[in-house]
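Subject: The structure I promised you

Hi,

Here is the structure we talked about, handed over for you to look at. Have a browse first, and then read on for what turned up.

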Amino acid sequence: MSYMDKTNKVMEELISGKRGQFGNYSYHQSRFTDGKADIPEWEVRRFILNYFLTLDNLKKNA
């Protein structure tokens, strides 16, 4: 599964309600939020993608 596939899967799970949150981000009332303010979708998507890239990089260098 590619990084974008993983990212899209998490985004779909957030929007559908299957996943309550990812990191500090959640989806509530048609908006992404960090609990304090609304967050643009691209910022959440970037965070998730960077998470998977960093995790893979750590596994390769461990």
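Below are my notes, going from the overall fold down to single residues.

**The overall picture**

One caveat up front: this is a predicted model. The protein has two helices and four strands, and from the N terminus on the elements run α-β-β-β-β-α. The C-alpha trace spans about 40 × 20 × 15 Å along its principal axes. Of the 62 residues, 23% count as buried. If you take the contacts with a separation of 6 or more, 44% of them come from residues 24 or more positions apart.

**The sheet**

The four strands make an open sheet with the order E1-E2-E3-E4 and antiparallel pairing. At the edges sit strand E1 (21-22) and strand E4 (38-39), each of which pairs on one side only. Strand E3 (residues 31-33) pairs with E4 in the antiparallel sense over two bridges. If you want a spot to click on there, Phe-32 has Ile-39 in E4 as its bridge partner.

Helix H1 (residues 3-16) packs on this sheet and touches E1, strand E2 (25-28) and E3. The direction of H1 makes about 45 degrees with that of E2.

Have a look at Ser-26 too, which has its place in strand E2. Is Ser-26 buried or exposed? Its relative accessible area is 18%, so Ser-26 counts as buried. Leaving aside neighbours within four places in sequence, Ser-26 is in contact with Leu-14, Gly-20 and Gln-21, and also with Arg-31, Phe-32 and Thr-33.

**The two helices**

Starting with H1: this helix has 14 residues and reaches 20 Å from its first C-alpha to its last, close to the 20 Å expected at 1.5 Å a residue. Its buried residues are Thr-7, Val-10, Met-11, Glu-13 and Leu-14. Looking down the axis of H1, you find the buried residues within an arc of 160 degrees, so they line one face of the helix. What covers them includes E1, E2, E3 and H2. After H1 comes Gly-17, with a positive phi near 95 degrees.

H2 has 21 residues, which should span 30 Å at 1.5 Å a residue; the end C-alpha atoms of H2 are 30 Å apart, so the two agree. Which residues of H2 are buried? They are Val-44, Ile-48 and Phe-52. Down the axis of H2 these fall within an arc of 75 degrees, so here too the buried residues line one face of the helix. The cover over the buried residues of H2 includes H1 along with E1, E2, E3 and E4. On the other side of H2, the exposed residues are Trp-42, Leu-58, Lys-60 and Asn-61.

**The aromatics**

This is the part I'd open in the viewer. A pair of aromatic rings is described by the distance of the centres and the angle of the planes. The count here comes to six aromatic pairs, and two of those are described below.

Take Phe-22 and Phe-52 to begin with: their ring centres are 6.2 Å apart and their planes are at 40 degrees, so the pair is tilted. Phe-22 lies in strand E1 and Phe-52 in helix H2 (residues 41-61), so this pair ties together parts that are 30 residues apart in sequence. Both Phe-22 and Phe-52 are buried.

Then there are Tyr-25 and Phe-47. Their ring centres are 5.2 Å apart with the planes at 70 degrees; over 60 counts as edge-to-face, so that is what this pair is. Tyr-25 sits in strand E2 and Phe-47 in helix H2, 22 residues apart, and the pair links these distant parts of the chain. How do the two partners compare in what they show to the outside? Tyr-25 counts as buried, at 13% relative accessibility, whereas Phe-47 is partly exposed, with a relative accessible area of 32%.

All of these rings belong together: Phe-22, Tyr-25, Phe-47 and Phe-52 form one aromatic cluster with Tyr-51.

That's what I have; shout if anything is unclear when you open the model.

Cheers

Note on methods. Residues numbered from 1 in each chain as written. Predicted model: local features only at pLDDT ≥ 70, side-chain atom pairs only at ≥ 80, totals over all residues. Heavy atoms only, no water. Pairing = 2+ DSSP bridges. Contact = heavy atoms within 4.5 Å. Axes fitted to C-alpha atoms, helices over the stretch in contact; angles between N-to-C directions. Phe/Tyr/Trp six-rings, centres within 6.5 Å; stacked < 30°, edge-to-face > 60°. Buried < 20%, exposed > 50% of the residue type's maximum accessible area, 1.4 Å probe, protein only. Expected span 1.5 Å × (residues − 1). Arc of directions from axis to C-beta.
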